[in-house]
Every structure is written in structure tokens, then in C-alpha cells.
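Me: Could you take a close look at how the helices pack in this one? Start with one helix pair, then work outwards to whatever else is worth pointing at.

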Amino acid sequence: MTDPGRRVAAIIEYDGTDYAGWQSQAHSVSIQDAIQTALSFVAGHPVVAICAGRTDAGVHAVGQVIHFDTHAERTPRAWVLGANTKLSPSIALQWAGEVGQGFHARHKASRRVYRYVILNRSARSALQRSRAAWIHRPLDAAAMHAAAQALIGEHDFSAFRSIECQSPTPIRRVDAIEVSREGDCVWLQITANAYLHHMVRNIVGTLIDAQRESDPPAAVAKVLASADRRYAGATAPAAGLYLWRVDYPANFGIPMPQAQFGLN
């Protein structure tokens with residue numbers, strides 16, 4: 001039997017603006033390629049990184065979790081500092097640690113938390129142009145929150161999946177959705193076991209439409225029941241979406257990602 005070596009987990013933070021998403025692609029720059037190149041340098045051999053959730057082009061992460069196998073002996077500090085010297089300023093390891101072979105970044109995740117940030121004011125922002133979606137018309141965060149509660153539970157989320165989605169099933173379990181306002185920013189946080197392609201961004205677009213209806217929760221429930229993408233709202237911009245954190249059973253010892261400036 002081939003010795004698999006050590007399995008290492010890591011938490012990655014990145015600004016996805018200039019990348020074609022997580023997954024390696026033949027003719028585009030991906031987060032995965034950058035991470036694997038940096039970790040391979042530290043390991044001294046080729047490394048394949050497996051992530052908890054494959055983010056799309058332009059989507060950011062505060063707490064993306066990966067794992068990789070290696071025969072190299074390195075301290076957690078060496079993995080983090082060594083890899084970061086080979087990464088662009090837009091990607092950074094925040095933590096690394098050895099885990100058992102039973103850990104898998106994707107398959108062992110119990111919940112994934114995303115946040116979506118909307119700058120809701122009349123003037124666009126120069127500084128936040130790639131970090132938040134800008135919507136100039138007033139939004140009612142309380143109405144959006146009430147409408148979002150229609151999505152709690154296990155449902156067929158076909159109305160919120162993209163035509164490119166390759167998941168064999170549209171069934172997902174949403175544990176919580178919160179929408180709130182802080183000054184000019186409207187935040188949505190969603191916790192689910194897993195997601196369909198563009199699911200969060202399509203939910204955001206639908207809530208933006210529903211908050212103008214006389215009965216926002218009923219409007220969203222009708223879209224959900226339709227199981228038809230044509231009845232949902234437009235796909236919200238990628239710039240506002242963040243993979244916030246990934247939850248695992250406590251025995252794996254994966255820490256929570258650190259709080260971020262301006263994103264708490």
C-alpha cells in the first residue's frame with residue numbers, strides 16, 4: 001500500500017476580483033493554480049489542493065478551507081509564511097495544521113456560510129467597486145429578511161440554480177438566513193449544508209425584487225415552489241459575495257477564520 005504521507009488543512013483568504021474562480025482552468029488564472037504553486041514550492045514536490053467550496057470568478061473568501069497531502073515535514077508556521085511569500089497580495093494563507101487522513105475539506109464540511117454585501121446609496125463607491133454590489137435604489141432590509149425566511153429548511157432550489165449547474169440534485173438545506181443594515185451597507189448571511197451554482201446570488205436578486213412586493217415572504221415562497229429559474233430575480237453581481245466560513249465537526253480541529261477589517 002502506498003504511504004499517503006501527511007494531510008494538511010489550511011484556511012485561505014482571497015480577493016477574487018482578478019481570478020476566474022477557484023478551479024483550475026486551461027486559459028485563465030485561478031485561485032487553485034496560485035495556491036498549488038505556492039504550496040508545491042514549500043513542500044518541494046507537486047501538491048494538489050482540494051477546497052471546501054469552489055467559488056466563481058470575482059467571488060471572495062474570508063474562510064476558504066483546503067486540504068492537501070504531502071510527504072514533506074513542515075511546521076504550520078512554515079506552511080503559512082512560506083506559501084505567502086509565493087502568493088500575490090490578493091491571496092493569503094491564514095492558518096495551516098496537520099489533520100488525519102479522514103479529513104476532507106469538501107466531504108466533511110457540515111455547513112458553509114456565505115455573506116453578501118450591498119452598498120445601498122445613491123453614489124457609487126470607488127474603493128468598494130470590487131468588494132460590494134452597488135444598488136442605488138432604497139432597499140428595505142427588514143422586508144428582505146422576512147422574505148428570506150421562506151427559504152429556511154430542506155427544499156428543491158431549482159428556481160435559484162444556474163443553467164450551468166452540474167449538481168445531480170437541486171435539494172439543499174438552508175439552516176439560517178439573516179438580512180440586516182449597517183449604515184449604507186445591507187448584509188445577507190446564509191448558512192446551508194451546500195449550494196447550487198449561483199444559488200446565493202440568485203437568492204439575493206430575488207430578495208431585492210421581493211422587498212418591493214406587498215407580501216415579500218409570499219413572493220419568495222411562490223418562486224421557490226415554482227422550481228423554475230425564470231421566476232427568480234436577476235443574478236446579483238459576484239463582487240458582493242464572500243465565502244465566510246466552513247464548519248466541521250469539532251474533532252477535526254479546524255479553527256474559525258479571523259475577523260476581518262471592515263467585514264465583521
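**A helix crossing and its surroundings**

Reply: Helix 1 crosses helix 2 in a right-handed sense. Keep in mind that this is a predicted model. On the helix 1 side the contact involves A38, L39, V42 and A43, and on the helix 2 side A78, W79, G82 and A83. Sorted by class, that contact comes to seven nonpolar residues, one polar and no charged ones. If you're finding your way along the chain, helix 1 covers residues 31-43 and helix 2 covers residues 76-85. Their axes are 8 Å apart, and the packing angle is about 125°. The two helices are therefore oblique to each other.

Now on to helix 3 and helix 5. Helix 3 takes in residues 141-148, while helix 5 runs over residues 216-226. Here the axes come within 7 Å and cross at roughly 45°, so this pair is oblique as well. The crossing of helix 3 and helix 5 is right-handed. Look for A143, A146 and A147 in helix 3, which meet P216, P217 and V220 in helix 5. By class you get six nonpolar residues in this contact, with no polar and no charged ones.

Stay with helix 5 for a moment and follow the chain out of it. The loop between helix 5 and strand 10 (241-247) holds A227. A227 isn't a glycine, yet its phi is positive, near 55°. It is partly exposed, with a relative accessible area of 34%. That same loop between helix 5 and strand 10 also holds G233. Unlike A227, which is partly exposed, G233 is buried, with a relative accessible area of 4%. Leaving aside residues up to four places away in sequence, G233 touches N202, G205, T206 and D209. If you want a sense of how far this is from where we began, try A34: its C-alpha atom is separated from that of G233 by 34 Å, and the two residues are 199 apart along the chain.

Next, have a look at the loop between strand 9 and helix 4. H198 lies in that loop and has a positive phi of about 70°, although it is not a glycine. Y195 is in the loop too, with strand 9 spanning 185-192 and helix 4 spanning 199-210. Y195 pairs with Y114 in an edge-to-face arrangement, 4.9 Å centre to centre and with 80° between the planes. Y114 sits in strand 5 (residues 111-119), so the pair ties together parts that are 81 residues apart in sequence. Both tyrosines, Y114 and Y195, are buried.

That tyrosine pair has company, as the structure holds five aromatic pairs. Another of them is F157 with F160, and this one is tilted: the rings are 6.1 Å centre to centre, with 55° between the planes. F157 and F160 are both buried. Finally, there's a cluster to pick out, in which ring pairs link F103, Y248 and F252.

Terms used
Residues are numbered from 1 along each chain as its sequence is written. This is a predicted model: local features need pLDDT of at least 70, side-chain atom pairs count only at pLDDT 80 or more; totals for chains, interfaces and linings use all residues. Side-chain values use heavy atoms; hydrogens and water are left out. Axes are lines fitted to C-alpha atoms, for helices over the stretch in contact, and angles run from 0 to 180 degrees between N-to-C directions. Helices (H or I, at least four residues) and strands (E, at least two) are DSSP runs, numbered from the N terminus. Angles under 35 degrees count as roughly parallel, over 145 as roughly antiparallel, 65 to 115 as roughly perpendicular and the rest as oblique. A crossing is left-handed if the near helix is turned anticlockwise from the far one by less than a right angle, and right-handed if clockwise. Contact means heavy atoms within 4.5 Å. Ala, Val, Leu, Ile, Met, Phe, Trp, Tyr, Cys and Pro count as nonpolar, Asp, Glu, Lys and Arg as charged, and the others, Gly among them, as polar. Rings of Phe, Tyr and Trp (its six-membered ring) pair if their centres lie within 6.5 Å; planes under 30 degrees apart count as stacked, over 60 as edge-to-face and the rest as tilted. Buried means under 20% relative accessible area, exposed over 50%, partly exposed in between (1.4 Å probe, protein chains only).
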